[in-house]
Amino acid sequence: MSTETKSIAAINARLAAGEAVVLTAMELKTRVRAGETFTPADVDVVTTATRAVMSGTAAMLSVPVGKDSGSVENLRLNDVPCLSDFAPAGGFVPAVLNGTEESHDNHGRYGGGHVLRELVEGRAVEAVWRQGGRKRREMVTLEAMPYARLYPCRNSYQNYMGFTNVKDAPSYRDNPYSIFACRPIPPLAGFSTSGSGELNPGENDSGKTVMRPGIRILVNGAPGTLVGYGTRATADHVCFATTADMKKMDPQYMGGFRTSCGVEVCNSLAVPFPVTGQDVLDRLADCRDENVPLNVGDFSDRLKLSSIKYSQVWENAPLEVMFDPERCISCSFQCEAEYYCPMNAISWREKTIDQDFCVACGACTANCPGGAFMGKDGSPRRGLGDVHIFGKSVPIIFRQSNRLRALRLAELLKTKLLERSFFLVDTDARCTLWNA
């Protein structure tokens, strides 16, 4: 075992000189599977990433609607309520937009996450508010906001659970709606999963040495900061709080997401792992899908019933969903694939999938009667594959993590490091648990 150690300063110096070796987590693990071994002399930084539903997300916005005197009340952006009962200053009013807040007029299908993505896309959104006893209305853009910062408080869960209907519990039959599914699921008829497995930053830091308050990361493609553990972190299942400037974000890594229980919000994180010693490298090498547990629970109570490995979800899995127009049977009443798509990526009229929005969750593969949707290079009806649980092969029908964009984000961070536009931060701070 190598005893060589490197400092963050030394790694930054190698980055600045253009001499550093940077690998993505997938590149490292692919080579480890092929039998290669690594020492700190071989690699300087490994980039990890994840893109998934991350509920605890809000943004603080300085909205240009406070030109008149008096508090701004009942502010809504595209009909999504904001916390905004503050006095304006300099023509702007501070407002907090919750990513899971739902539209009043489009309840369950549109929310704060959708507004955040539209702002980052450069689109104008409608602001409606009351001021001085009058109702006001104006179109606003992200460019017009002097301050727009995202504050996710629980991102990148370590070892999240997968769910299915195992017990067929009366409580689930009476209320078969869940944030982990797009529709009610009959017993063992479908499996919902979240987590990027071996790419996930939290999974790779099992020693809890790399993820530290103050380190530089990418949040939705923008330079950001890791604040510390998130609001639902535990000793065994950590999550993280982060922050970043919305104006530098890339919309493909974020957005609203619909479930049968309402709207959710998606975010993406990329975290550099400086290889300061063999222990960091060994944990990275060991964190492979075939070694990472995925606990399985029931929709009704979310209690662990079994455990599989992430390799059942991601090994040779299609990372994109394709549409075969020849198999479309032109449903006369309602296209179920379009209706249940959590990202509004499917157009029945145009018979297309918008790949900028599609997260390859698989809802369309499970809900299209004609079998017109399938994993890329896959076969109709097989969808995104199966997991073997409780003596049965159960189809994967709802992936809430988008591995394709996690891979892209890890590559993006690698590029920034090699281009010398991103450097590491040295800190001796440690993440702490409030409930420890």
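For the purpose of classing lining residues, Ala, Val, Leu, Ile, Met, Phe, Trp, Tyr, Cys and Pro count as nonpolar, Asp, Glu, Lys and Arg as charged, and the others, Gly among them, as polar. On this basis, the lining of the largest pocket in the predicted model comprises 8 nonpolar, 8 polar and 3 charged residues. The volume of this pocket is about 460 Å³. Its lining is formed by 19 residues, and Tyr 157, Tyr 160, Met 161, Phe 180 and Arg 232 are those nearest the centre.

The second largest pocket has a volume of about 280 Å³. Of its 15 lining residues, Ile 8, Thr 209, Val 210, Arg 212 and Pro 274 lie closest to the centre. Two elements, strand S16 (262-274) and helix H6 (278-286), each give two or more residues to this lining. By class, the lining of the second largest pocket holds 8 nonpolar, 3 polar and 4 charged residues.

Enclosed space was also examined. Across the whole structure, 3 cavities of 30 Å³ or more are found, and the largest cavity contains about 100 Å³ of space. This largest cavity is lined by 14 residues, with Phe 323, Cys 328, Cys 335, Trp 348 and Phe 373 nearest its centre. Helix H8 (336-340) and strand S20 (346-347) each contribute at least two residues to the lining. The lining of the largest cavity consists of 11 nonpolar, 1 polar and 2 charged residues.

In soluble globular proteins, nonpolar side chains tend to be buried together. In the present model, the largest nonpolar core has 60 residues. Within this core, the residues with the most contacts are Leu 61, Val 63, Val 65, Leu 75, Leu 77, Met 246 and Met 249. When neighbours within four places in sequence are left aside, Val 65 is in contact with Val 72, Leu 75, Gly 91, Val 93, Ala 127, Trp 129, Gln 131 and Val 140. A second core, separate from the largest, has 31 residues, including Phe 180, Ala 360, Cys 361 and Ile 397. Phe 180 is also among the residues nearest the centre of the largest pocket.

Helix H3 spans residues 112-120 and is largely enclosed by the rest of the structure, because 9 of its 9 residues are buried. The buried residues of H3 include the charged Arg 117 and Glu 118, together with Gly 112, Gly 113, His 114, Val 115, Leu 116, Leu 119 and Val 120. Gly 122, which follows H3, has a positive phi, near 95°.

Key:
Residues numbered from 1 in each chain as written. Predicted model: local features only at pLDDT ≥ 70, side-chain atom pairs only at ≥ 80, totals over all residues. Heavy atoms only, no water. 1 Å grid on protein atoms, 1.4 Å probe; cavity = no way out; pocket = protein on both sides within 12 Å on 5 of 7 lines; lining within 4 Å. Points joined across faces, edges and corners; volume = space filled by probe spheres on them. Helix = DSSP H or I, 4+ residues; strand = E, 2+ residues; numbered from the N terminus. Core = buried A, V, L, I, M, F, W, Y, C linked by side-chain atoms within 4.5 Å. Buried < 20%, exposed > 50% of the residue type's maximum accessible area, 1.4 Å probe, protein only. Contact = heavy atoms within 4.5 Å.
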